[in-house]
Amino acid sequence: MSRDVQPAPSPSPSIRINKFFTEHGICSRREADHRVEAGRVTINGVVATLGDRVSRADVIACDGATIPWGQAFIYIKYHKPVGVTTTSESHVPRNIIAEIGHSERIFPIGRLDKDSSGLILLTNDGNIVNEILRVEFGHEREYVVDVDRPFDEAFLTNMAAGVVILGSKTRPCRMERVRPNRFRIILTEGRNRQIRRMCQALGYRVTALHRVRIMHIGITGLGPGSWKELSSEERAELLRAVGRVPG
């Protein structure tokens, strides 16, 4: 009598030890290599060496403390076109999650108005969201803005000093004229429709708003509607900026 033979389960995929550290939001690959070279990392109780590969069957520790396997962290940047809504609600037409179509469950860090365009970050790392958005950390966001008519130096001065919106004055910001009716602005806070409200309070209407930078991460080379994972350098600097990398 014949019987069905079940195939042996395939082994879990392996990754380099330094990638394990970055995917778990612990440190950059370079910092992970430094820890390995210093003999601080073990795999199943054996001191790791550069280039070692690990899978979920392995026990990884650093300085004697075991690092549990968890969900790998994803950090991507997206060039949001006008018309895309920054929401995770699937019933909303042209919601940002559907537009990107990533295989993992990700969510946006902060917002960018439907009628605005430019850079937005998305992740599955819930802890990093507040670390980026909290006002007291002062992380910069840079925008290029068009208004409905030419502005004078008083407009630049007043915007830079802060404008009362939503019942309180905005934090001081950096302003630079680009054209008679276009300026560059760098904020360290992100209130609801802040730039539009600031301009409106001074008698101007925003006709175009485009975010070009969040912290050290820029939009150059990323076409409208496209996205990509942060480079190893961008990712390492992001982790460093929120205090996850020593020094």
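The largest nonpolar core, a set of buried Ala, Val, Leu, Ile, Met, Phe, Trp, Tyr and Cys residues joined through side-chain atoms within 4.5 Å, has 30 residues, of which F155, M159, F183, I185, I195 and C199 touch the most other members. Buried here means under 20% relative accessible area and exposed over 50% (1.4 Å probe, protein chains only). Two or more residues come from each of β7 (75-80), α3 (96-100), β9 (117-123), β10 (141-147), α5 (153-161), β14 (182-187), α6 (194-201) and β15 (206-214). Helices (H or I, at least four residues) and strands (E, at least two) are DSSP runs numbered from the N terminus. A second, separate core of 19 residues includes Y75, V144, I219 and L222.

This is a predicted model, in which local features need pLDDT of at least 70 and side-chain atom pairs count only at pLDDT 80 or more, while totals for chains, interfaces and linings use all residues. Residues are numbered from 1 along each chain as its sequence is written, and side-chain values use heavy atoms, leaving out hydrogens and water.

Beyond its neighbours within four places in sequence, I195 is in contact (heavy atoms within 4.5 Å) with Y143, V145, F183, I185, L187, V206 and L209.

Helix α2 (residues 29-37) has the buried residues E31, A32, R35 and V36. These lie on the same side of α2, because they cover an arc of only 145° around the axis, taken from the directions from the helix axis to the C-beta atoms. They pack against α1 (17-23), β2 (41-43) and β5 (60-62), whereas the face turned away carries the exposed residues R30 and E37. G39, with a positive phi near 75°, follows α2.
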